[in-house]
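This briefing concerns side-chain contacts: aromatic pairs, cysteines and salt bridges. Please read it alongside the sequence and structure shown here.

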Amino acid sequence: KMAAAAGAAAAGLWSEVNRCGQNGDFARALKSVNKILQISKDDVTALQCKVVCLIQNGNFKEALGVINTHTKVLTSDVIAFEKAYCEYRLNRIESALKTIQSASQQTDKLKELYGQVLYRLERYDDCLAAYRDLIRNSQDEYEEERKTNLSAVVAAQSTWEKVVPEDLGLREATYELCYNSACALIGQGKLNEAMKKLQKAEELCRQSLSEDSDVTEEDIETELAIIHGQMAYIMQLQGRTEDALQLYNQVIKLKPTDVGLLAVIANNIITINKDQNVFDSKKKVKLTNAEGVEHKLSKKQLQAIEFNKALLAMYTNQADQCRKLSASLQSQSPEHLLPVLIQAAQLCREKQHAKAIGLLQDFADQHPANAAEIKLTMAQLKIAQGSVTKACMILRSIEELQHKPGMVSALVTMYSHEEDIDSAIEVFTQAIQWYQQYQASQTRGANPKSPVHLSLIREAANFKLKHGRKKEAISDLEELWKQNPKDVHTLAQLISAYSLVDPEKAKVLSKHLPSSDTMSLKVDVDALENSHGATYVRKKAGKLTGDNQQKEQGQGEVKKKKKKKKGKLPKNYDPKVTPDPERWLPMRERSYYRGRKKGKKKDQVGKGTQGSTTTGSSELDASRTASSPPTSPRPSSGAAVSATSNVIPPRHQKPAGAPATKKKQQQKKKKGAKGGW
């Protein structure tokens, strides 16, 4: 009876589980399943249902715990997909891959999950093959989603592995497919085409979402955030940084829930800011540290963010933080250049150039494959220190770049700056020999000269001629003339060089120069001189008169006399009045000078003690009238000034009227100053 009652209860619970499952009420279904497990704790179906209910409710950790607890009952054949899915959602990607591969039967569900796992592991070639197989062997309502995933794989290959994507023939009917196609074009550098695709994706997105009446404009903008973020990235790559910043900030204001999108946008804003607007960059860094970012982005994206964090620490003078971040990056990627370059840059900011060069040298010794770029940086540091010769030695040690025209040009310029002409010529010689040996090996003994080879020979010859090494330039010029016997310019240079070394040889070679008749140009000289661009126009010859003829004949004997300028007369000049004969003498040396007259003080009305008067004081002063000297004679009387006179010399006096003019100037200054305050 008890067994029958338990069976009836279980049957009722199963019907409840079935009904809740169809309604999507997995919380209530889970309660019924737990009651069934109380009746029969090892019921395989009940355990499976419990795991499914927990997954539907988002409790992946608890679901995985149930699977691991009942391993004897829930074998890999029974629960392989659910276990792998829980591991995938818990970001245990490697464990999920092992679970899928250990399953005895590869169901369609496992294959779908396998494709997702491979994508997260960035195994794009295997992922592409998995999705192709799924699309080929599946016919259901999820075909569009599989094609979208396939296009995402192609876009990732183009972006991160720089693989030229093949045309999969996918019809871009949805905005997701259009967006992925745009990403693939960005990876190829086709930015204008990518922008057009993104604009089409935005249009398709608006159309598809506007059909749903429950979707608001804000929801549409949130969905468009990833498309707008990619548009801003294209603008940034095109150098339209202001437009890119505006669109990036517009996306951030929407506060999308995708932490990966926010982290990428924040990182891109930091790269635009560089060493400017550091306060804004420090705020944006917080978005890159959000929880779950590491599971949303690729390894290269995460690495780029860490590099920018180290650079920002350097720009904000956080030396210890910069060293810590760059050292961590170097331990993760020992062969990567950026960590060691950041460390060297930080040392240079601290004026430790020698230590920075030593750090770079150690890295170049440990990683010869990346030595070229490191040595270029070392040479730059040496130049910054003023050690140009040492910089040249470092550059010449880069074997794979020695023969490059750019490197040859740089070395020759630097040696010329140091006035080391022999070393510069040696650089030319080594590069020319390298090209000669390389071409001989490629053409099996034949010796045709490539344009780069001939260009180097030409530059070497010109350099030697410029610095007076004509004898050394002869072999280069002969080689050039041999390659092109019709080159008159080279022949002329060769004759010029031989004229100092072997004049007879120069005469022989001059016979190869074209005749003057063949070289003459049919030019109308008069028309050329009278043309609009002529700087000199010949004067037309006219008839010369007798006087003019005499002047022309006597031009060689008679010198031109300079015309004297008329002297300027004073404004108050009167021709009727005889000028003062002593006008050229200083005032104090003139016969009529009697010293400075002291001006009479004006009556000071209202000054002094109350009731006093100033007008009669001078008249009542008997001493002034008795002892006052006679009035000075007029200048015309010719009376001389006594040698024992106490008169102050005029050079030590202030000119009469100076105080008045000074007062006027002060008044003017005051007026001017009033307007300025």
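In this predicted model, Asp-126 and Arg-123 are joined through their side chains by a salt bridge, with an N to O distance of 3.0 Å. A search of the whole structure finds 17 salt bridges, zero disulfides and four aromatic pairs. The points below take up these contacts by topic, together with the burial of the residues that form them.

**Salt bridges**

- In the pair of Asp-126 and Arg-123, the acidic partner, Asp-126, is partly exposed at 36% relative accessibility. Arg-123 is likewise partly exposed, its relative accessible area being 33%.
- A salt bridge also connects the side chains of Asp-140 and Arg-146, where the N to O distance is 2.7 Å. Asp-140 has a relative accessibility of 33% and counts as partly exposed, whereas Arg-146, with a relative accessible area of 5%, is buried.
- Glu-306 and Lys-309 form a salt bridge at 3.2 Å, N to O. Both residues belong to helix α17 (residues 299-315), where they are three residues apart, about one turn of the helix.
- Within this helical pair, Glu-306 is partly exposed at 26% relative accessibility. Lys-309 has a value of 15% and therefore counts as buried, the cut-off being under 20%.
- Glu-202, Arg-206, Glu-217 and Glu-221 are joined into one network by salt bridges that share partners.
- As general background, side chains of opposite charge can pair when their charged atoms come close.

**Aromatic pairs**

- A pair of aromatic rings is described by two quantities, the distance of the centres and the angle of the planes.
- The structure holds four aromatic pairs. One of them brings together Tyr-119 and Tyr-124, whose ring centres are 5.8 Å apart; their planes stand at 65°, so the pair is edge-to-face. An angle over 60 degrees is what this class requires.
- Tyr-119 is partly exposed, with a relative accessible area of 32%, while Tyr-124 is buried, with a value of 5%.
- For Phe-428 and Phe-463, the ring centres are 5.8 Å apart and the planes are at 50°, so this pair is tilted. The pair links distant parts of the chain, with Phe-428 in helix α24 (residues 421-442) and Phe-463 in helix α25 (residues 451-466), 35 residues apart.
- Both Phe-428 and Phe-463 are buried.
- Phe-60, Phe-81 and Tyr-85 are linked into a cluster by ring pairs.

**Cysteines**

- Which cysteine holds the sulfur closest to that of Cys-53? That cysteine is Cys-49, and the two sulfur atoms are 6.5 Å apart, too far for a bond. A disulfide would require the sulfur atoms to lie within 2.5 Å.
- Cys-53 is buried, with a relative accessible area of 4%.
- Cys-348 also counts as buried, at 17% relative accessibility.
- The search of the whole structure finds zero disulfides.

Notes. Residues are numbered from 1 along each chain as its sequence is written. This is a predicted model: local features need pLDDT of at least 70, side-chain atom pairs count only at pLDDT 80 or more; totals for chains, interfaces and linings use all residues. Side-chain values use heavy atoms; hydrogens and water are left out. Rings of Phe, Tyr and Trp (its six-membered ring) pair if their centres lie within 6.5 Å; planes under 30 degrees apart count as stacked, over 60 as edge-to-face and the rest as tilted. Buried means under 20% relative accessible area, exposed over 50%, partly exposed in between (1.4 Å probe, protein chains only). Helices (H or I, at least four residues) and strands (E, at least two) are DSSP runs, numbered from the N terminus. A salt bridge is a side-chain nitrogen of Lys or Arg within 4 Å of a carboxyl oxygen of Asp or Glu.
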